[in-house]
Amino acid sequence: MKKLILICISILFTSYSFSQYRILYFVDVVKGKKSDAKKILLNEVKKSNQIRIDNGLMKGYDVWETIAGGGDGIIDFVLVDLHDNLENYHKGRSIVKNLKFNKEQSKMFWNNWNSLTTGDGYRVIVKSEAFANKSDKLPKIAKFNMFRTLNSKMRTKWINYHKKFVSNHIKGKRDAWGSASVIFRPSNVKFNHITVDFYDNENIASFLLDDEKHSGWTDEISEYWMKEDGTRTNFSNEVRVGVNRLFTKKILELR
């Protein structure tokens with residue numbers, strides 16, 4: 001599992017390099033070793049993925065670091081490969097081959113990485129459903145929201161709502177917003193959909209001080225979610241439930 005996390009690494013959405021598919025890696029790190037893992041991600045893994053991008057095997061690689069107090073106590077980094085399609089997903093993934101490590105260098109690299117991670121990380125593959133952005137830049141802060149939908153009919157209605165009203169999600173504090181369906185996940189992962197709130201604040205302090213408010217909710221949306229009996233759909237009981245949430249900051253972006 002630890003090698004899988006590193007072999008093919010590279011966010012969910014970008015405005016100027018919009019890709020249909022993303023491979024998300026939720027990376028766990030041994031307590032006290034976060035800075036060491038970060039160095040590997042920003043050096044060897046970065047160089048390897050830049051080679052993959054230059055060779056046309058993927059569109060981008062980004063690293064998002066979980067903000068202190070904004071995670072689940074397990075995941076420390078979110079890494080995402082960007083792909084237009086999944087044909088090249090399995091190609092050129094080896095860090096050892098990309099960086100031309102010899103046998104000793106390869107052994108040293110993997111021993112180092114394996115000593116830094118706990119093995120509780122996981123990978124999911126997602127398909128983008130909707131995205132909107134106020135600018136042509138990738139914002140600095142991202143909040144990953146993981147959901148489990150409650151039935152197929154309401155799931156379809158919810159996704160269509162994202163597509164139809166995507167621009168409403170950035171009327172207010174959000175600088176960008178995206179929605180993606182999970183099309184591959186390990187059996188122990190309970191969520192099947194991810195939305196991401198993006199904010200272009202410099203840091204968490206400026207985010208907290210930003211009091212801009214606008215829900216984006218309109219009469220048209222109210223009508224969309226109105227049931228035949230005249231009552232509004234209860235999202236938590238009828239559409240989806242939250243499974244996890246990660247507040248992160250961007251530390252690397254490659255295109």
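**Exercise 1. Determine which residues make the nonpolar surface patch of about 240 Å².**

Solution. The model is predicted; local features need pLDDT of at least 70, side-chain atom pairs count only at pLDDT 80 or more, and totals for chains, interfaces and linings use all residues. Residues are numbered from 1 along each chain as its sequence is written, and side-chain values use heavy atoms, with hydrogens and water left out.

Step 1. Candidates for a patch have over 30% relative accessible area and no salt bridge; nonpolar side chains (Val, Leu, Ile, Met, Phe, Trp, Tyr) are joined within 5 Å, and like charges within 9 Å. Areas follow the Shrake-Rupley method with a 1.4 Å probe, and for residues only the protein chains shown count as cover.

Step 2. The patch is made by L86, I183 and F184.

Step 3. F184 belongs to strand β6 (residues 176-184); strands (E, at least two residues) and helices (H or I, at least four) are DSSP runs, numbered from the N terminus. With 35% relative accessibility, F184 counts as partly exposed, where buried means under 20%, exposed over 50%, and partly exposed in between (1.4 Å probe, protein chains only).

**Exercise 2. Establish how F26 and F191 pair, and which parts of the chain they tie together.**

Solution. Step 1. Rings of Phe, Tyr and Trp (its six-membered ring) pair if their centres lie within 6.5 Å; planes under 30 degrees apart are stacked, over 60 edge-to-face, and the rest tilted. This rule gives 16 aromatic pairs.

Step 2. The F26 and F191 rings are 6.3 Å apart, centre to centre, with 75 degrees between the planes, an edge-to-face pair.

Step 3. F26 lies in strand β1 (residues 21-28) and F191 in the loop between β6 and β7 (193-199), so the pair ties together parts 165 residues apart in sequence. Both F26 and F191 are buried.

**Exercise 3. Describe the salt bridge of E65 and K38, and state whether each residue is buried or partly exposed.**

Solution. Step 1. A salt bridge requires a side-chain nitrogen of Lys or Arg within 4 Å of a carboxyl oxygen of Asp or Glu. The structure holds 13 salt bridges.

Step 2. Between E65 and K38, the N to O distance is 3.0 Å. This pair links distant parts of the chain, E65 being in strand β2 (residues 60-66) and K38 in helix α2, 27 residues apart.

Step 3. E65 is buried at a relative accessible area of 9%, whereas K38, at 25%, is partly exposed.
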